[in-house]
Amino acid sequence: EYHFQRVRNTIKNEIARVISESDDTRLRGVTITDVKLSRDLRNCTVYYSVIGDEKDKVRAKHALESAADYIRVQ
């Protein structure tokens with residue numbers, strides 16, 4: 001269980017780091033709030049919050065979707 005939590009926290013922190021280092025202005029105000037992993041560690045669901053209005057939330061969602069492959073390999 002400790003190893004699982006450590007992996008989960010590492011993934012959460014790395015995703016947050018990649019987003020914070022991004023030049024994409026649509027990702028400003030995005031905070032990674034949680035990461036859920038499957039028991040086999042093959043699948044990951046990332047939860048996030050966005051500071052801003054509905055337009056900012058839609059922009060951030062699109063930015064995260066388009067950056068997903070990049071984030072995976074970082």
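Let's start with a little network: Arg8, Asp34 and Lys36 are linked to one another through salt bridges. A salt bridge here means a side-chain nitrogen of Lys or Arg within 4 Å of a carboxyl oxygen of Asp or Glu. Side chains of opposite charge can pair when their charged atoms come close.

Before I go on, a word about what we are looking at. This is a predicted model, in which local features need pLDDT of at least 70 and side-chain atom pairs count only at pLDDT 80 or more, while totals for chains, interfaces and linings use all residues. Residues are numbered from 1 along each chain as its sequence is written, and side-chain values use heavy atoms, with hydrogens and water left out.

Now the overall layout. The chain has 2 helices and 2 strands, and along the sequence they come in the order α-β-β-α. Helices (H or I, at least four residues) and strands (E, at least two) are DSSP runs, numbered from the N terminus. The C-alpha atoms fill a box of roughly 40 × 20 × 15 Å, taken along the principal axes.

How much of the chain is buried? Of its 74 residues, 23% count as buried. The cut-offs are these: buried is under 20% relative accessible area, exposed is over 50%, and partly exposed is in between, with a 1.4 Å probe and protein chains only.

For contacts, meaning heavy atoms within 4.5 Å, take those in the chain with a separation of 6 or more: residues 24 or more positions apart account for 43% of them. As an example of two positions distant in sequence, Thr10 and Val35 are 25 residues apart along the chain, and their C-alpha atoms are separated by 9.8 Å. Thr10 is in helix α1 and is partly exposed, at 43% relative accessible area.

Back to the salt bridges. How many are there? The count comes to 9. In the network I opened with, the side chains of Asp34 and Lys36 meet at 3.2 Å, N to O, and Lys36 is partly exposed at 43% relative accessibility. Another salt bridge joins Asp24 and Arg26, whose closest N and O atoms are 2.8 Å apart. Asp24 is partly exposed, with a relative accessible area of 24%, and Arg26 is partly exposed too, at 34%.

Then we have Arg72 and Asp69, whose side chains meet at 2.4 Å, N to O, in a salt bridge. Where do these two sit relative to each other? They are 3 residues apart in helix α2 (residues 54-73), so about one helical turn separates them. Arg72 is exposed at 62% relative accessibility, and Asp69 is exposed at 56%. If you look from Asp69 across to Thr45, 24 residues apart along the chain, the C-alpha atoms are separated by 14 Å.

Let's move to the inside. The largest nonpolar core has 15 residues, and those touching the most other members are Ile15, Ile19, Leu27, Val30, Ile32, Leu64 and Ile71. By nonpolar core I mean a set of buried Ala, Val, Leu, Ile, Met, Phe, Trp, Tyr and Cys residues joined through side-chain atoms within 4.5 Å. Two or more residues of this core come from each of α1, β1 and α2, and α2 gives the most, with 5 residues. Zooming in on Ile32, and not counting residues up to four places away in sequence, we find that Ile32 touches Lys12, Ile15, Ala16, Ile19, Val46, Tyr47 and Tyr48.

What about empty space? About 630 Å³ lies in the largest pocket. A pocket is found on a 1 Å grid over the protein atoms alone, as an open set of points where a 1.4 Å probe fits, with protein on both sides within 12 Å along at least five of seven lines; lining residues have an atom within 4 Å of a point. Grid points are joined across faces, edges and corners, and the volume is the space filled by probe spheres set on the points.

Which residues lie nearest the centre of the largest pocket? Among its 22 lining residues, they are Ile15, Cys44, Val46, Ile71 and Arg72. The elements giving two or more residues to this lining are α1 (2-21), β1 (30-37), β2 (44-50) and α2.

One last stop is Leu41, in the loop between β1 and β2. Its phi is near 65 degrees, a positive value in a residue other than glycine. Leu41 is partly exposed, with a relative accessible area of 39%.
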